Amino acid sequence: MATYQNSRYNIALPSGAGGAITLIKTITASSDSTISFVNGASDVVLDSTYRTYIFKWINIHPGNDSVHFSFNGSDDTSSHSYNITKTSTHFEALLYEGDTGAALQYNTAGDLAQSTGVQSLGRGVGNDNDQATSGELWLFNPSSTTFVKHFMHRDSVAHDGNGNFQNHVAGYFNTTAAITAIQFTFSGGNIDSGTIKLYGIT
Amino acid sequence: MATYASIKYDMDLASSATGTGALTLLSTQTASSSSTISFTSGIDSTYKEYVFKFYDIHPNGNAKQFKFQVDTGTNTSYNQTLTTSTFTAYHNEDDDSTSLGYNDVDHAQGTGFQHLSISTGNDNDQTVSGTLHLYDPSNTTFVKHFLARSSTYTANDHCYDLYVGGYFNTTTALTRVQFKYDGDTIDAGVIKMYGVS
């Protein structure tokens, strides 16, 4: 007879289950004003289950031209308001297709100092049919109730001026409350199309 | 007594066990005096993101540039148009030279190979290692973005931290990726290709 010990692991695991990076949720945009990942809603996990969360976005295309792909956080448990105080840095490397404008520079228009507004990520995203932005955002230990919540980001943007902008953001939500939701927006208009995936790292 | 059915799931799964491991190893290639290393299969719509990790890529000659390009269909020209931005931080072993700045190993609508290293040395212990992310290569609507970062042990004994971002300016699906040292062979090293679910 099978004993508990030898039958305990007799389970059909999904392919790759137990890997260090776990796909939690995929959301595909379709002319959406916002895309939100809310802990406990629609299978989203954003709590103490993981110490690190990664949001990856692929080909996020704006409805409007020259807009900034942005995010904010919430510490609410219902009726979420996305207005957590943040301090951050923002720098960019860029080059236009005409081989002009090559630069690595701090971007004061993209950083925040104790602001509750959205944090811009990819700036000046173009909305020509083939223009979009792809990148990722790392959020560390959002469920901590002791420390601020750090985040880091990097992306590649097809800029409205026809060039590549490589944006880098780092900062923290200046709160000791748990972050329970993350919301992505454009600074104007809708998220016309694209995919955002949320992963947890064990 | 507990039955098999009741104890079947009694194991230490994370609470989100409905999720799956997101990183799948698709291919591993090991260089051995190779003129190029090419990934010509497995790049399709299965994954929205492909990650290439290159480990200890050692050139035959000294001060060589490790680079990559892509191609479409079954083509072998590896000359897709790209626009990129590139910057580096460096520090030398003598501790008297440091810098952070834009580094024009970029492309503005070029068709050449994109740098993934700066002047890799060929001393026995000198190599480059790093990561390249290629987003949604099979998409036929948008340009194809990529991001890379590497650490190089250079011929003049510097540590170079290279950041590359950019896009292949084509709406044709990309199906293959090739790595090489410019004008030299890859003496040794490993490149792994992963798909991200």
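Hi everyone. Let me begin with a cut-off: a residue counts as buried when its relative accessible area is under 20%. Keep that in mind, and keep in mind too that what you see above is a predicted model.

With that cut-off, look at strand β9 of chain A, residues 149-158. Eight of its 10 residues are buried, so the strand is largely enclosed by the rest of the structure.

What does β9(A) pair with? On one hand there is strand β8 of chain A, residues 133-140, which runs antiparallel to β9(A) over seven bridges. Strand β10 of chain A, residues 163-173, also pairs with β9(A) in the antiparallel sense, here over 10 bridges. If you like to check registers, here are some bridge partners. L137(A) has H153(A) as its partner in β9(A), and W138(A) has M152(A). M152(A) also stands opposite A170(A) in β10(A). As a reminder for anyone tracing those side chains, in a regular strand they alternate between the two faces of the sheet.

One backbone detail while we are here. The hairpin of β9(A) and β10(A) has four residues between the strands, and N162(A) takes a positive phi there, near 65 degrees.

Now let's zoom out to the sheet around these strands. It is an open, antiparallel sheet of eight strands in chain A, in the order β1-β12-β3-β8-β9-β10-β5-β6. Which strands stand at the edges? They are β1 (21-32) and β6 (103-106) of chain A. Each has a single partner strand, so one side of each is left without a neighbour in the sheet. Ignoring direction, neighbouring strands of this sheet are turned by 15 degrees against each other on average.

Chain A also has an open sheet of four strands, ordered β2-β11-β4-β7, again with antiparallel pairing. Its edge strands are β2 (35-38) and β7 (119-120), each of which pairs on one side only. β2(A) joins strand β11 of chain A, residues 181-186, through four bridges in the antiparallel sense. One contact to find on screen is F37(A), whose bridge partner in β11(A) is I182(A).

On to the charges, which I suspect some of you have been waiting for. How many salt bridges does a search of the whole structure find? Five, over all chains. Let me walk you through some of them.

K56(A) and E136(A) meet through their side chains at 2.7 Å, N to O. This pair links distant parts of the chain, with K56(A) in strand β3 (residues 52-62) and E136(A) in strand β8, 80 residues apart. Are the two residues buried or exposed? K56(A) is buried, and so is E136(A). There is a further participant from the other chain, since K56(A), E136(A) and E49(B) are linked in a network of salt bridges.

In chain B, the side chains of D182(B) and K67(B) form a salt bridge at 2.6 Å, N to O. D182(B) lies in the loop between β12 (174-181) and β13 (186-196), while K67(B) belongs to strand β4 (residues 66-72), 115 residues apart. D182(B) is partly exposed, with a relative accessible area of 34%, whereas K67(B) is buried at 10%.

Another salt bridge in chain B joins R149(B) and D161(B), at 2.7 Å, N to O. R149(B) sits in strand β10 (residues 144-153) and D161(B) in strand β11 (residues 158-168), 12 residues apart. R149(B) counts as partly exposed at 41% relative accessibility, and D161(B) is buried with a relative accessible area of 18%.

Last topic, the largest pocket, which holds about 650 Å³ of space. Which of its 25 lining residues are closest to its centre? They are E136(A), W138(A), R154(A), H133(B) and R149(B). So you will recognise E136(A) and R149(B) from the salt bridges. Both chains contribute strands to the lining: β3, β8, β9 and β10 of chain A, together with β3 (49-59), β9 (128-135) and β10 of chain B, each supply at least two residues. By class, the lining has 15 nonpolar, four polar and six charged residues.

That's my tour, and I'm happy to take questions.

Technical notes:
Residues are numbered from 1 along each chain as its sequence is written. Chains are lettered from A and ligands numbered from 1 in the order in which they are written. This is a predicted model: local features need pLDDT of at least 70, side-chain atom pairs count only at pLDDT 80 or more; totals for chains, interfaces and linings use all residues. Side-chain values use heavy atoms; hydrogens and water are left out. Two strands pair if DSSP finds at least two bridges between them. Buried means under 20% relative accessible area, exposed over 50%, partly exposed in between (1.4 Å probe, protein chains only). A salt bridge is a side-chain nitrogen of Lys or Arg within 4 Å of a carboxyl oxygen of Asp or Glu. On a 1 Å grid over the protein atoms alone, a cavity is a set of points where a 1.4 Å probe fits but cannot get out, and a pocket is an open set with protein on both sides within 12 Å along at least five of seven lines; lining residues have an atom within 4 Å of a point. Grid points are joined across faces, edges and corners, and a volume is the space filled by probe spheres set on the points. Ala, Val, Leu, Ile, Met, Phe, Trp, Tyr, Cys and Pro count as nonpolar, Asp, Glu, Lys and Arg as charged, and the others, Gly among them, as polar. Axes are lines fitted to C-alpha atoms, for helices over the stretch in contact, and angles run from 0 to 180 degrees between N-to-C directions.
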